[in-house]
Amino acid sequence: MKKTTILSLDGGGIRGIITCIILRYIEEQLQYYDKQTAKLGDYFDLVAGSSTGGLIASIILCPDEARKAKYSIQKGLELYAEKGGDIFQVSFWEKLVNPFGLLNERISQEALQKNLNDFLGI
């Protein structure tokens, strides 16, 4: 019987960089023990995430022309390092009006979409 592999990623805003660091270690181990070009997206049957976890899932599952994982998790680390401040920036006023993101999302969907499009070249 074939095993089903599932990766579940939690949210946490800019703290998603910690998730990326852990996933990079796993990917490095796969590259060492399996094949040098290994990418996480090719090793899971199902990947799910909430908030920033969904963002990471979309990066590692983005397919290339052969329907294999296009990006390594390193691309996720680069995204958080280069664009994290822009994506996850919440103004002081927004923190007062919408504490803990209870009334609506804590990050700007426009900023997220623009930065992803720029970064991934979509």
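**Exercise 1. Find out whether Cys20 is buried or exposed, and compare with Cys62.**

Solution. Start with Cys20: its relative accessible area is 0%, so Cys20 is buried. Keep in mind that this is a predicted model. Now turn to Cys62, where the relative accessible area is 22%. Buried requires a value under 20%, so Cys62 counts as partly exposed. As a last step, look for sulfur pairs within 2.5 Å; the count of disulfides is 0.

**Exercise 2. Work out how α1 and α3 are packed, and which residues make the contact.**

Solution. Two packed helices are described by the angle between their axes and the distance between the axes. Here the axes of α1 and α3 come within 9 Å and cross at roughly 155°. Angles over 145 degrees count as roughly antiparallel, so α1 is roughly antiparallel to α3. The crossing of α1 past α3 is left-handed. On the α1 side, the contact uses Gly16, Ile17, Cys20, Ile21, Leu23, Arg24 and Glu27, while α3 brings Ile73, Gln74, Gly76, Leu77 and Tyr80. Sorted by character, the residues of this contact are 7 nonpolar, 3 polar and 2 charged.

**Exercise 3. Explain why helix α2 is largely enclosed by the rest of the structure.**

Solution. Begin by listing the buried residues of α2: Thr52, Gly53, Leu55, Ile56, Ala57, Ile59 and Ile60. Helix α2 spans residues 52-61, and 7 of its 10 residues are buried, so the rest of the structure largely encloses it. Next, see what does the covering: the elements over the buried residues of α2 include the strands β1 (6-9) and β2 (46-49), together with the helices α1 (16-33), α3 (73-87) and α5 (109-120).

How values were computed. Residues numbered from 1 in each chain as written. Predicted model: local features only at pLDDT ≥ 70, side-chain atom pairs only at ≥ 80, totals over all residues. Heavy atoms only, no water. Buried < 20%, exposed > 50% of the residue type's maximum accessible area, 1.4 Å probe, protein only. Helix = DSSP H or I, 4+ residues; strand = E, 2+ residues; numbered from the N terminus. Contact = heavy atoms within 4.5 Å. Axes fitted to C-alpha atoms, helices over the stretch in contact; angles between N-to-C directions. Parallel < 35°, antiparallel > 145°, perpendicular 65-115°, else oblique. Left-handed = near helix turned anticlockwise from the far one by under 90°. Nonpolar A, V, L, I, M, F, W, Y, C, P; charged D, E, K, R; others polar.
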